[in-house]
Amino acid sequence: MEIPVNVHAMRSRSLPSSRDKRVASEFRQRVWLERLIAAVASICLCLVILACVLRLWDADLTVLPQKNGDAIINAMSVKSLVDSGWWLRNPHLGMPFGQQLFDAPFVDNLSMALMKLLSPFTRNYAVLMNLFFLLTFPITVITSLFVLRSFAISYPSALVVSLLYAFLPYHFLRGEAHLFLSAYYLVPVVVMICVWLWKDELDIVSQDANGSRISRRLAFVMLAVLLVGSGENYYAFFGCFLFCVAGAGGFFSSHRMRPLALAVGLSTLVALVVLLNSAPSLLYMWHHGANKVAAFRGPQESEIYGLKISQLLLPVDGHRLRYFSHLKDSYDSLAPQVNENGTATLGVVGGLGFLFLLASLLWQGQEGDGGLFRPLAALNAAAVFFGTIGGFGSLFNFVVYSQFRGYNRISVYIAFLSLFAVALLLEALKRRMELRHYGTWMWYGSLAAVLLIGILDQTTTAMVPNYEDSKAEGRNDAAFVKEIETAVPPRAMIFQLPIVPFPTNPPVVRMVDYDLLKGYLHSETLRWSYGSVKGREDARWGKRVTEQPLDSVVRQLAFAGFSGIYIDRYGYKDSGLEIESQLSQFLRESPLVSQNARLAFFSLTSLTEWMRARYTPEQWRDKHDQALRPGASSSSDALLHSLRVQCKEHHLSAAQCHDLVTHMLNEPAASP
């Protein structure tokens, strides 16, 4: 017997009515409005806290708060981005040949691209760099909030935890000296993907009325992989490791190969994106040969800069409470291998979350958190085993690849995993307290207390830069460079002393690494000798020139086209007295001296004019060419130059060119 079917009635029931569509549209609008209000409130609260912690009302964005060490080389890269369009080549440094940084790619393309987007609004490198650093705080809050909300954590709990994550001691202690490590806003996204892999919730395709298509979640993951691979290499490397851990966990918990296959695939994609971003450097090294001097890292360095569990749990340097401050000072003075790994401290709130995750490995029961504690605990333990001194990271360095030495930097992953656990605990507390009278208000009070205690515990007054000293030093350097610019022609080349290898070099007397870059940072038209990457022929030029007697050095610099000599007195034991005395006697003039008496400058323009008058233009060009090839006879230099031209014209590899040059230079001369 056939049952009569009312087809029109079924279609009317299956298709949503106009009222249903309107209700759905209003619901979506409310959701997006709620998200927008939460994002704006989070950013505003973050900026208020940031202003209070760093006392930004005293800051001057046109001046770098940190004007030494790695902060200067980061500033050099940002200024190169503004002046030259990108950072890999700089025609204002490494004179007389120009600077290339293909051998030492120490920045990430994602951060530089973001600053490139900001550069139309300001051409001041310091403003650009300061703004980017300050923006890393609200961006980190937003990404963390987004990830926590995706796991159904309430807005109040997610906001508190996101703020604590953005205001980690790590963020301030890295600062603008390690600007690209401070940009850890993608770490929460990596953790989210790891949890999806563990729980086997990363679908490849989705079904809808139009059929099968790539799922939105997978599309989001692909975008995240592109960003992670273009960002800081350390975070990409640690992310690949955690993907594999999560994939293995998903395989054992779901008994399916899909999580493990996806984890391996995502790790491979991240590696390919990293290689794609490194393509300019790889191509340069393929054409010019590998430079084993510029950025060499030994495998043993992972045992020096590895993670220490004690430093995760110890308080921050200069803690507000004297007892905790003394405790940390005692540890730092007595314990071995204390270095940048001191930035790994989690704070009291994160530390409690870290300990809870370790303890949760000891029991197994019914979870009311959606099964989140188990993957978080496993990922946390894996990160510790990988990053700790003598851990799996050290084995990786000795067996596979030694360039990753700072395994303590995985602490930023451990911090988010630990604070994620804190968010789950706060949600459990909320469920309990809601059953009581005034329980909701008590819970809000608890959240406020956690946030206040966490921020005060994680930040200190020592994190406030000395803005006045930075401004005074900046004014001194800027005024001195302006004096030099008025004393020499536009685009003049300035030779800098003492000769210091670049990049990475120990302090020279009182001169800190990269101090010689300060002249470039304050100049608009001058070109400077410092900045040639060590291990290349360009960097050997200055050293060979200065190995000659001083009068020959000065003449050779004049022939090479230099218009002055810049001296940092902090780089000499006698504060430059001897070399300045010899230069004054030879040039018969006194140097320009900076207001703080640290810097001195000798102009070579008068000497160059006097020397030019004694040569024909052809003779001067010959002298110029010889000056750029010191330390060899003119005939062998000419042969060497000719051979290198031939190598370039015939596209010979570095090894083939080396063999050709060696053979020709050792070939006995033909008899007349």
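1. Helix α12 (residues 258-277) supplies the largest share of a nonpolar patch, namely three residues. In this predicted model, the patch lies on the surface and is formed by Met-222, Leu-269, Leu-272, Leu-275 and Leu-282, which together have about 420 Å² of accessible area. Met-222 belongs to helix α10 (residues 216-230), and with a relative accessible area of 35% Met-222 is partly exposed; that value satisfies the requirement of over 30% relative accessible area that is applied to patch members.

2. Turning to helix packing, the axes of helix α5 (residues 125-150) and helix α19 (residues 411-433) come within 12 Å and cross at roughly 50 degrees. The two helices α5 and α19 are therefore oblique to each other, since the roughly parallel class is reserved for angles under 35 degrees and the roughly perpendicular class for those from 65 to 115. The crossing of α5 and α19 is, in addition, right-handed.

3. The count of salt bridges in the model comes to 23, under a criterion that asks for a side-chain nitrogen of Lys or Arg within 4 Å of a carboxyl oxygen of Asp or Glu. One of the pairs is formed by the side chains of Lys-79 and Asp-83, with an N to O distance of 2.7 Å. Both residues sit in helix α3 (residues 70-84), and because they are four residues apart there, Lys-79 and Asp-83 are separated by about one helical turn. Their surroundings may be read separately: Lys-79 is buried, with a relative accessible area of 5%, whereas Asp-83, at 34% relative accessibility, counts as partly exposed.

4. A salt bridge also joins the side chains of Asp-103 and Arg-536, at 2.6 Å from N to O. Asp-103 lies in the loop between β2 (99-100) and α4 (109-118), while Arg-536 lies in the loop between β6 (527-528) and α23 (537-546), so this pair ties together parts that are 433 residues apart in sequence. Asp-103 and Arg-536 are both buried.

5. A further salt bridge links Lys-518 with Asp-515, and here the closest N and O atoms are 3.6 Å apart, a value that still falls within the 4 Å cut-off. Lys-518 is buried, as is Asp-515. Through salt bridges that share partners, these two residues are joined with Glu-473, Asp-568 and Arg-598 into one network.

Technical notes: Residues are numbered from 1 along each chain as its sequence is written. This is a predicted model: local features need pLDDT of at least 70, side-chain atom pairs count only at pLDDT 80 or more; totals for chains, interfaces and linings use all residues. Side-chain values use heavy atoms; hydrogens and water are left out. Patches are made of residues with over 30% relative accessible area and no salt bridge: like charges are joined within 9 Å, nonpolar side chains (Val, Leu, Ile, Met, Phe, Trp, Tyr) within 5 Å. Accessible areas come from the Shrake-Rupley method with a 1.4 Å probe; for residues, only the protein chains shown count as cover. Buried means under 20% relative accessible area, exposed over 50%, partly exposed in between (1.4 Å probe, protein chains only). Axes are lines fitted to C-alpha atoms, for helices over the stretch in contact, and angles run from 0 to 180 degrees between N-to-C directions. Angles under 35 degrees count as roughly parallel, over 145 as roughly antiparallel, 65 to 115 as roughly perpendicular and the rest as oblique. A crossing is left-handed if the near helix is turned anticlockwise from the far one by less than a right angle, and right-handed if clockwise.
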